[in-house]
Amino acid sequence: MSDPKKGDSFPEGVTFGYVPFTADKASINTCGLPTTYDATKEFADKKIVLVSTPGAFTGTCSEKHLPGYIENVSKFKEKGVDKIVVIAYNDAFVMSAWGKAQGVQTDDILFLSDTETNFSKKFNWLKGERTARYAMIIENGKIAYAEKEPAREVTVSSADAVLAAL
């Protein structure tokens, strides 16, 4: 498949690994059991911002990429975004811990695992064996924005860039 473009349908059969946040497992030291998150189904009639990072807990991802999304959840909601979905190469347990470490304790932002990079491979948006850094806006099952970072910096996939595109 080629680069995703505005107006393309979100692919069929997209699933991610997910550990839902629960108050009884709020500590970073423990989490629930992973489940399969059917993104094709869940995204079908919603406005979703999908953000991909090469890895949880890495410097650029944790310090420069993710904070803008966490700090601006209310701005995304004002623009009609139902969910912000963060994906990375890491497994569902690590993604759960990363969300907790970032202080996210609601389902406004989901931390999902593209462990085998099956989703990112659909577009060849990889960084070596890992997911590349990119962002998408999916509206009612259609891609409305899709940009992959051309270099190491956080520009076209930043929260500010995505907010401007909404």
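How many of the 6 residues of strand β8 are buried? In this predicted model, the count is 5 of the 6, so strand β8, which spans residues 134-139, is mostly covered, buried here standing for under 20% relative accessible area. A general point helps when looking along such an element: in a regular strand the side chains alternate between the two faces of the sheet.

The partners of β8 are a good place to continue. On one hand there is strand β3, made up of residues 47-52, which runs antiparallel to β8 and is joined to it by 6 bridges. Within this pairing, Y134 of β8 is the bridge partner of S52. On the other hand there is strand β9, residues 142-148, which pairs with β8 over 6 bridges, again in the antiparallel sense. Here I138 stands opposite I143 of β9. Strands β8 and β9 form a hairpin with 2 residues between them, and in this hairpin N140 adopts a positive phi near 50°.

Attention now turns to the empty space in the model. As a reminder, rolling a probe the size of a water molecule over the atoms shows where empty space is left. The largest pocket has a volume of about 190 Å³, and 13 residues line it. Those that lie nearest its centre are T15, F16, S113, D114 and N118. Two or more lining residues are contributed by each of β1 (15-18) and α5 (118-121), with β1 giving the largest share, 3 residues. In terms of chemistry, the lining of this pocket divides into 7 polar, 3 nonpolar and 3 charged residues.

What about enclosed space? The count of cavities of 30 Å³ or more comes to 1, and the largest cavity holds about 30 Å³ of space. Its lining is made up of V73, F76, K77, V81, D82, K83, I84 and D108. The elements that give two or more residues to this lining are helix α3 (73-78) and strand β4 (83-88); the largest share, 3 residues, comes from α3. By class, the lining of the largest cavity has 4 nonpolar and 4 charged residues but no polar ones, whereas the lining of the largest pocket includes 7 polar residues.

For a reader with the structure open, the features can be visited in turn: β8 between its bridged partners β3 and β9, then the largest pocket with T15 and F16 among the residues nearest its centre, and finally the largest cavity, with V73 and D108 among its lining residues.

Definitions and conventions
Residues are numbered from 1 along each chain as its sequence is written. This is a predicted model: local features need pLDDT of at least 70, side-chain atom pairs count only at pLDDT 80 or more; totals for chains, interfaces and linings use all residues. Side-chain values use heavy atoms; hydrogens and water are left out. Buried means under 20% relative accessible area, exposed over 50%, partly exposed in between (1.4 Å probe, protein chains only). Helices (H or I, at least four residues) and strands (E, at least two) are DSSP runs, numbered from the N terminus. Two strands pair if DSSP finds at least two bridges between them. On a 1 Å grid over the protein atoms alone, a cavity is a set of points where a 1.4 Å probe fits but cannot get out, and a pocket is an open set with protein on both sides within 12 Å along at least five of seven lines; lining residues have an atom within 4 Å of a point. Grid points are joined across faces, edges and corners, and a volume is the space filled by probe spheres set on the points. Ala, Val, Leu, Ile, Met, Phe, Trp, Tyr, Cys and Pro count as nonpolar, Asp, Glu, Lys and Arg as charged, and the others, Gly among them, as polar.
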